[in-house]
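I am opening a notebook on a structure that is new to me, and I want to write down what I look up as I go.

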Amino acid sequence: MIGDKMAKSISQQITRELYSAYLYVGMSAYADGIGLKGVANWFFVQMQEEMVHAYKFYAYVNQQGGKVSLGGIDKPTQDFTSVKDAFKKTLEHERTVTANINQLMAQAKEEKDAATEILLQWYVTEQIEEEANPTEILQKLNLAGEGNGLFLIDAELAKRTFVVPAGVQVGYAPAAVA
Ligand code: OFO
């Protein structure tokens, strides 16, 4: 059982996660457009991960007998001045998402909603990685510059693959929440 207020807050976060996916598919398209297929791959995998973030929340609300109410998804920016700019915007965005997750955790604690707290712990851990990944790429971009070094980074980012996280079943399965 989940309270209406919490179901509404998680629904808002589902919309935000879908926005994240939309933002990253736009970044992937930007990278494709300038011929950096590895960077495009990295952002495409990021988009897939965001869909999992949305799905995990969605399955949880359903499993807890709550109502999922979706909001509108804004048009994401597609104006990037460079690959570094896209990763800077990624890091900024992920910091905002971390703040959103922390806010949800504060609400769960206030409402003494232990089940939602347990769910949110997964997202708290996930956000550490979500901030660490673009930070590391930005460090490399700073070291390698945006000349030939960019091609090495592009080759590295081409290796990223999408892996469904343990306990998450992709597809319609509202009971599949780890
Ligand atoms: Fe990128 O973590 Fe979800 O939004």
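At what angle do helix 2 and helix 3 pack, and how far apart are their axes? Keeping in mind that this is a predicted model, I looked up the pair and found an angle of about 15°, with the axes 13 Å apart. Angles under 35 degrees count as roughly parallel, and therefore I noted helix 2 and helix 3 as roughly parallel to each other. I also recorded that helix 2 passes helix 3 in a left-handed crossing.

Next I listed the residues where the two helices meet: helix 2 brings Val39, Trp42, Phe43, Gln46, Glu50 and Phe57, while helix 3 brings Val83, Ala86, Phe87, Thr90, Glu94, Ile101 and Leu104. Sorted by character, the residues of this contact divide into 9 nonpolar, 2 polar and 2 charged.

I then turned to the largest nonpolar core, which has 23 residues, and wrote down those that touch the most other members, namely Met27, Val39, Phe43, Val83, Phe87, Leu141 and Leu157. The elements that give two or more residues to this core are helix 1 (4-33), helix 2 (37-63), helix 3 (83-110), helix 4 (114-144) and helix 5 (148-157), and helix 1 gives the most, with 6 residues.

I followed up one member, phenylalanine 87, and, leaving aside its neighbours within four places in sequence, I found it in contact with Val39, Trp42, Phe43, Pro134, Ile137, Leu138, Leu141 and Leu157. My last entry is a second, separate core of 17 residues, which includes Ile2, Met6, Phe57 and Met105.

Key. Residues are numbered from 1 along each chain as its sequence is written. This is a predicted model: local features need pLDDT of at least 70, side-chain atom pairs count only at pLDDT 80 or more; totals for chains, interfaces and linings use all residues. Side-chain values use heavy atoms; hydrogens and water are left out. A nonpolar core is a set of buried Ala, Val, Leu, Ile, Met, Phe, Trp, Tyr and Cys residues joined through side-chain atoms within 4.5 Å. Buried means under 20% relative accessible area, exposed over 50%, partly exposed in between (1.4 Å probe, protein chains only). Helices (H or I, at least four residues) and strands (E, at least two) are DSSP runs, numbered from the N terminus. Contact means heavy atoms within 4.5 Å. Axes are lines fitted to C-alpha atoms, for helices over the stretch in contact, and angles run from 0 to 180 degrees between N-to-C directions. Angles under 35 degrees count as roughly parallel, over 145 as roughly antiparallel, 65 to 115 as roughly perpendicular and the rest as oblique. A crossing is left-handed if the near helix is turned anticlockwise from the far one by less than a right angle, and right-handed if clockwise. Ala, Val, Leu, Ile, Met, Phe, Trp, Tyr, Cys and Pro count as nonpolar, Asp, Glu, Lys and Arg as charged, and the others, Gly among them, as polar.
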